[in-house]
Amino acid sequence: MIKTVSSLLKSHVHIRTLQTFSKYNAQAASALREEGKKPVYQDDEYADMDWDNLGFALTPADYMYVMKCSKDGEFTKGELTRFGTIQLSPSAGVLNYGQAIYEGTKAYRKENGKVLLFRPDHNAVRMQLGAERMLMPSPSVDQFVDAVKQTAFANKRWVPPSGKGSLYIRPLLMGTGPVLGLGPAPEYTFIVYASPVGNYFKEGTAALNLFVEEEHARAAPGGSGGVKSITNYAPVLKALSRAKSLGFSDVLYLDSVKKKYLEEASACNVFLVKGRTIVTPATNGTILEGITRKSVMEIAFDQGYQISSSQVVEKAVHVNEIMDADEVFCTGTAVGVAPVGTITYQDKRVEYEAGDESVCQKLRSVLVGIQTGSIKDTKGWVTCIN
């Protein structure tokens, strides 16, 4: 139906190893071995929520964690406090120059009531990488993981029952010190708050309908597209709003130079399946290196989707290639692993496999099983906090 431009693909194939955070491996591993300080606030009761009808909207949990960075670049001891507003100077760096980054991770409830975190050390590492790009100090991996643990534990009554959703945890690092001329803020604040959530898309677990955006670009080479800067997200709202008004679930963005190569959706990574090969666009600085993305790639390799002895494929993906795929799916902390039913590009609309026997559903089943404790974690990805 639609031919791929194979000559273009050959010059852009780029296979990378699964490990993208080797610089901080030792530090990340040690953080997970630490038990961390027990939060002061504990409550074994469930919050009064309609757990069967959770969407992806803010329902603030009881407590948030706050830690300040002094002028010498060192973070002081953080503490839990009731969720609430914060006070900022009108000249705060975050308000004037967008100097802030954030992370997203989740806590899951096992059937026996225990609460699990999924790879928070990798979120910590990614925040450090993002902070370097945005010229900000960042919490150590130990500080980050401990803050996430304390926040999850203090808000454990907001963790949905097993199979009903998850507690979305949002670590946020921002320049809160006042600044007038363009430059880094003199002080920083690290906050972790949480909200119970269900499915990210209104379609629930149904297949998504995506629209390929050609007018607006999400990121450009040399920019901040590869880190979770807050400045990456408001610019996608116009294209996303337009797509949703036309009945689409989300937007797929193309590269900003040639406008022919796939990057990612508004807030998630994209994969395609062709035969026994699973492919995802290489990050190369413009695409966020998602932790769910990385985890799915490792699971896919374990299940035999590979083209070499040790790697799943990351490469430049021409838009024509995805239009010729058997399956397409998206991954992200918020979206999980979501099947794609259709993609519309120019005047072409292609349908994809998205049933229970799809590659997407098999990968999702393994990932969710590990996250919720129904499948044995042989990789050391989950941490029990109670």
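What share of the contacts in the protein chain with a separation of 6 or more comes from residues 24 or more positions apart? In this predicted model, such residues account for 72% of those contacts. The legends below start with the whole chain and then move in on single sites.

**Figure 1. Overview of the protein chain, with its 9 helices and 17 strands.** Of the 386 residues in the chain, 53% are buried. The chain exposes about 17000 Å², and carbon and sulfur atoms supply 50% of that area. The structure also holds 10 aromatic pairs, and two pairs get views of their own below.

**Figure 2. Leucine 167 in strand β6.** This strand covers residues 166-175, and leucine 167 counts as buried because its relative accessibility is 0%. Leaving aside neighbours within four places in sequence, leucine 167 is in contact with Thr105, Lys106 and Ala107, with Ala152, Asn155, Trp158, Val159 and Pro160, and with Ala194, Ser195 and Pro196. Have a look at alanine 61 here too: its C-alpha atom is separated by 8.9 Å from that of leucine 167, although their positions lie 106 residues apart along the chain.

**Figure 3. Threonine 105, a contact partner of leucine 167.** Threonine 105 belongs to strand β4, residues 105-109. With a relative accessibility of 4%, threonine 105 counts as buried. Not counting residues up to four places away in sequence, threonine 105 touches Leu167, Tyr168 and Ile169, and also Phe118, Asn123, Val148 and Thr333. Two of these partners return in later views: Phe118 in an aromatic pair and Asn123 in helix α4.

**Figure 4. The aromatic pair of phenylalanine 56 and tyrosine 200.** Among the 10 aromatic pairs of the structure, this one is edge-to-face, at 5.0 Å centre to centre and with 70° between the planes. Phenylalanine 56 lies in the loop between α2 (25-33) and β1 (63-69), and tyrosine 200 in the loop between β7 (188-197) and β8 (208-213), so the pair ties together parts 144 residues apart in sequence. Phenylalanine 56 counts as partly exposed at 30% relative accessibility, and tyrosine 200 counts as partly exposed at 32%. Together with Tyr168 and Phe201, Phe56 and Tyr200 form one aromatic cluster.

**Figure 5. The aromatic pair of phenylalanine 118 and tryptophan 381.** The ring centres are 5.7 Å apart and the planes stand at 90°, so this pair is edge-to-face. Phenylalanine 118 sits in strand β5 (residues 115-118) and tryptophan 381 in the loop between α9 (359-372) and β17 (382-384); the pair links distant parts of the chain, 263 residues apart. Phenylalanine 118 counts as buried at 5% relative accessibility, and tryptophan 381 counts as buried at 4%.

**Figure 6. Arginine 82 and the ring of tyrosine 63.** Here it is a charge that meets an aromatic ring: the charged end of arginine 82 sits over the ring of tyrosine 63, 4.9 Å from the ring centre.

**Figure 7. Helix α4, residues 120-133.** At 1.5 Å a residue, the 14 residues of this helix should span 20 Å, which agrees with the 20 Å between its end C-alpha atoms. Is α4 enclosed or open? Because 11 of its 14 residues are buried, α4 is largely enclosed by the rest of the structure. The buried residues include Pro120, Asp121, His122, Asn123 and Arg126. Just after α4, look for leucine 135, which takes a positive phi of about 55°.

How values were computed. Residues are numbered from 1 along each chain as its sequence is written. This is a predicted model: local features need pLDDT of at least 70, side-chain atom pairs count only at pLDDT 80 or more; totals for chains, interfaces and linings use all residues. Side-chain values use heavy atoms; hydrogens and water are left out. Helices (H or I, at least four residues) and strands (E, at least two) are DSSP runs, numbered from the N terminus. Buried means under 20% relative accessible area, exposed over 50%, partly exposed in between (1.4 Å probe, protein chains only). Contact means heavy atoms within 4.5 Å. Accessible areas come from the Shrake-Rupley method with a 1.4 Å probe; for residues, only the protein chains shown count as cover. Rings of Phe, Tyr and Trp (its six-membered ring) pair if their centres lie within 6.5 Å; planes under 30 degrees apart count as stacked, over 60 as edge-to-face and the rest as tilted. A charge sits over a ring if NZ of Lys or CZ of Arg is within 6 Å of the ring centre and within 35 degrees of the ring normal. The expected span of a helix is 1.5 Å times one less than its number of residues.
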